[in-house]
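Here are my comments on the model you sent, set out as numbered points. Please read them with the structure open beside you.

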Amino acid sequence: MRRVLLFFGVVATTVLGFVPPAHAVGGAACVLGGTISFTEPFGSTGPGTWEINQGQIDCDGALNGFRIFGSGPYTGRGTYTTLLPAGGPCLQRVGTGMVDYTFQSGAMIFHKQEKQQFIVAGIGKLTTPSIRATLQLAPPYNGDCLTKPVTRATFAAEGAMVWTAPFFLDPSSVERPAS
């Protein structure tokens, strides 16, 4: 009996030694919305800029075992390029940049800054390291695509937020023991 227990102990130690620790700490269904502003590229060349000043994020889920509740601000800025197929609509854009958002769980308030990418061509997508969502630009627009470019639009996105690493730690800020 002792040999069997010893054998299982050695096997378990060997197997567990090679399995990386699980860092999944939460997930949520999220709805984002607000106004996005576009500044056309200078001289019709190069990238334009985008900015979200008055956006909101509302998530329902759990983080570290605590319920996420309420909504918080969602802002961002970056650059975009226009996708203009012959005869296509004018609101076809691909962008990258940084977003900044805040929400609350039963334990604390979380503030997150992440890289964001989006593509809009009818219905598009919005992605960050934590968020995967479908994205749509909707009226009211500032601009009509015929006489002047659209410089502001309402956006709506819904999707999932999943954390696969400790949410509250920046891996670059964690001190590592000297080798």
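Is Phe103 buried or exposed? Phe103 is buried, with a relative accessible area of 3%. This value, like every other in the note, is computed from a predicted model.

1. Overall layout. The secondary structure of the protein chain amounts to 1 helix and 9 strands, and the order along the sequence is α-β-β-β-β-β-β-β-β-β. Of the 179 residues in the protein chain, 31% count as buried. If one takes the contacts in the protein chain between residues at least 6 apart in sequence, 53% of them join residues at least 24 apart.

2. The nonpolar core. In soluble globular proteins, nonpolar side chains tend to be buried together. Here the largest nonpolar core has 32 residues, and Tyr74 and Met161 are the members that touch the most others. At least two residues of this core come from each of strand E1 (26-39), strand E2 (48-63), strand E4 (71-82), strand E5 (93-105), strand E6 (109-120), strand E8 (131-142) and strand E9 (152-163).

3. Aromatic rings. A pair of aromatic rings is described by the distance of the centres and the angle of the planes. The structure holds 5 aromatic pairs. In one of them, the rings of Tyr101 and Phe103 have centres 6.3 Å apart and planes at 15°, so this pair counts as stacked, the cut-off for that label being under 30 degrees. Tyr101 is buried, at a relative accessible area of 0%, and Phe103 is likewise buried, at 3%. Ring pairs also link Tyr74, Tyr101, Phe103 and Phe110 into a cluster; Tyr74, as noted for the core, is one of the two residues that touch the most other members there.

4. The disulfide. How many disulfides does a search of the whole structure find? The search finds 1, and this disulfide joins Cys30 to Cys59, with an S to S distance of 2.1 Å. The link of Cys30 and Cys59 is right-handed, with 110° about the S-S bond. Because Cys30 lies in strand E1 and Cys59 in strand E2, the pair ties together parts that are 29 residues apart in sequence. Both Cys30 and Cys59 are buried.

5. Salt bridge of Glu40 and Arg93. The structure holds 3 salt bridges. One of them is formed by Glu40 with Arg93, whose closest N and O atoms are 3.2 Å apart. Since Glu40 lies in the loop between E1 and E2 while Arg93 lies in strand E5, this pair ties together parts that are 53 residues apart in sequence. The two partners fall into separate accessibility classes, as Glu40 is partly exposed, with a relative accessible area of 31%, whereas Arg93, at 3% relative accessibility, counts as buried.

6. Salt bridge of Arg77 and Glu51. Arg77 forms a salt bridge with Glu51, and the closest N and O atoms are 2.5 Å apart. Arg77 lies in strand E4 and Glu51 in strand E2, so that the pair ties together parts 26 residues apart in sequence. Arg77 is exposed, with a relative accessible area of 52%, a value to be read against the cut-off of over 50% for that class. Glu51, by contrast, is partly exposed, with a relative accessible area of 26%.

7. Salt bridge of Arg67 and Asp60. A salt bridge also brings the side chains of Arg67 and Asp60 together, at 2.5 Å from N to O. Arg67 counts as exposed at 51% relative accessibility, while Asp60 is partly exposed, with a relative accessible area of 43%.

8. Ser130 and its surroundings. Where does Ser130 lie? Ser130 is placed in the loop between strand E7 (123-127) and E8, and it is buried, with a relative accessible area of 7%. The side chains of Ser130 and Glu114 are joined by a polar contact of 2.8 Å. Leaving aside residues up to four places away in sequence, Ser130 touches Tyr101, Lys112, Glu114, Ala160, Met161, Val162 and Trp163. Among these neighbours, Tyr101 belongs to the ring cluster described above, and Met161 is one of the two residues that touch the most other members of the largest nonpolar core.

How values were computed: Residues are numbered from 1 along each chain as its sequence is written. This is a predicted model: local features need pLDDT of at least 70, side-chain atom pairs count only at pLDDT 80 or more; totals for chains, interfaces and linings use all residues. Side-chain values use heavy atoms; hydrogens and water are left out. A nonpolar core is a set of buried Ala, Val, Leu, Ile, Met, Phe, Trp, Tyr and Cys residues joined through side-chain atoms within 4.5 Å. Buried means under 20% relative accessible area, exposed over 50%, partly exposed in between (1.4 Å probe, protein chains only). Helices (H or I, at least four residues) and strands (E, at least two) are DSSP runs, numbered from the N terminus. A disulfide is a pair of cysteine sulfur atoms within 2.5 Å. A polar contact is a pair of N or O atoms within 3.5 Å; within protein, one must be able to donate a hydrogen and the other to accept it, and residues adjacent in sequence count only if both atoms are side-chain atoms. Contact means heavy atoms within 4.5 Å. A salt bridge is a side-chain nitrogen of Lys or Arg within 4 Å of a carboxyl oxygen of Asp or Glu. Rings of Phe, Tyr and Trp (its six-membered ring) pair if their centres lie within 6.5 Å; planes under 30 degrees apart count as stacked, over 60 as edge-to-face and the rest as tilted.
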